[in-house]
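Colleague: I am new to this model and should like to understand the reasoning behind its description. May I put some questions to you?

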Amino acid sequence: MSSKKGLNDAYSVKTPEDNIKLYKIWASSYDDDFAKKNDYRSPVLISNYYDKYSNKNDVPVLDVGAGTGLIAEVMNKKNTIDIDAIDISPEMLESAKSKNCYNKLIEADLTKNLDIDNNYYGAIVSAGTFTHGHIGPNALDELLRVTKPSGLFVITIHSKVYVNQNFEQKFQDINEQITDLTFHEEKAYGNNPDKDHGNDTVFITIFRKK
Ligand SMILES: C[S@@+](CC[C@H](N)C(=O)[O-])C[C@H]1O[C@@H](n2cnc3c(N)ncnc32)[C@H](O)[C@@H]1O
């Protein structure tokens, strides 16, 4: 089977098992055939918003759905950052490992309970993972549990998924647990001629755990 996958493949998965199969094939070509070809902006955006909103206490960082490590690559170019990766795909994590930009790589399904202590991380970052058929709003419950009080979240939520998967309701449900919630709509891709998804937007979603 071809390792060349694209946005339509990424947006057609439905279950964690579909994700494991897709990214097993895609891991080796993801950076070139997906990120570069589509002028994928989300990892750089997350890094920039983290820089803008974080303070020195917002560590260690957990990169949720870290994939091949594009967020940590950008963040580490600016400062050495104490960052762990979590992802369901061993092949994507293997690719991330080769870049030496994470302290720890955690293979886990973010739709399940996580084997991580309460109040451990100072910040959660994520790009491209709160999207079609990947992880939905309920994953925020476990992520809030593993984040320290006052910890920072800087995550992309695909704008269509925000509506279809009812993130609005989720933010109402967790309203008492979080503070300083803001959304910044950004184009996920720069110069991308893809007629179906080239103009897709994400909400850079920023908040703190109370
Ligand atoms: C589009 S990639 C984004 C990777 C990276 N953050 C980036 O921006 O390049 C989505 C990632 O989410 C991971 N993923 C999908 N479903 C997951 C789940 N249930 N638990 C953990 N990771 C998952 C995939 O394995 C994949 O690496």
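Colleague: What makes helix α4 a helix that lies across strands?

Modeller: In this predicted model, helix α4 (residues 42-53) lies across β1, β4 (121-130), β5 (147-158), β6 and β7 (201-209). Contact means heavy atoms within 4.5 Å. The helix runs at about 150° to β5. Helix α6 (residues 90-97), for its part, lies across β2 and β3, at about 175° to β3.

Colleague: Why are β3 and β6 called edge strands?

Modeller: The sheet is open and has seven strands in the order β3-β2-β1-β4-β5-β7-β6, with mixed pairing. Strands β3 (105-107) and β6 (178-187) are called edge strands because each pairs on one side only. On average, neighbouring strands of this sheet are turned by 15° against each other, direction ignored.

Colleague: How do you know that β1 and β2 pair?

Modeller: Pairing requires at least two bridges. Strand β1 (residues 61-64) and strand β2 (residues 83-87) share four bridges, in the parallel sense, and therefore they count as paired. For Leu 62, the bridge partner in β2 is Asp 84.

Colleague: What makes the approach of Tyr 40 to the ligand a polar contact?

Modeller: The cut-off is 3.5 Å between N or O atoms. A side-chain N or O atom of Tyr 40 is 2.7 Å from an oxygen atom of the ligand, so the pair qualifies. A polar side-chain atom of Asp 87 lies 2.6 Å from a ligand oxygen atom, and so this pair also meets the cut-off. Of the 590 Å² that the ligand exposes when taken alone, the protein buries 98%.

Technical notes
Residues numbered from 1 in each chain as written. Predicted model: local features only at pLDDT ≥ 70, side-chain atom pairs only at ≥ 80, totals over all residues. Heavy atoms only, no water. Helix = DSSP H or I, 4+ residues; strand = E, 2+ residues; numbered from the N terminus. Axes fitted to C-alpha atoms, helices over the stretch in contact; angles between N-to-C directions. Polar contact = N/O pair within 3.5 Å; in protein donor to acceptor, adjacent residues only side chain to side chain. Areas by Shrake-Rupley, 256 points an atom, 1.4 Å probe, with all protein chains shown as cover.
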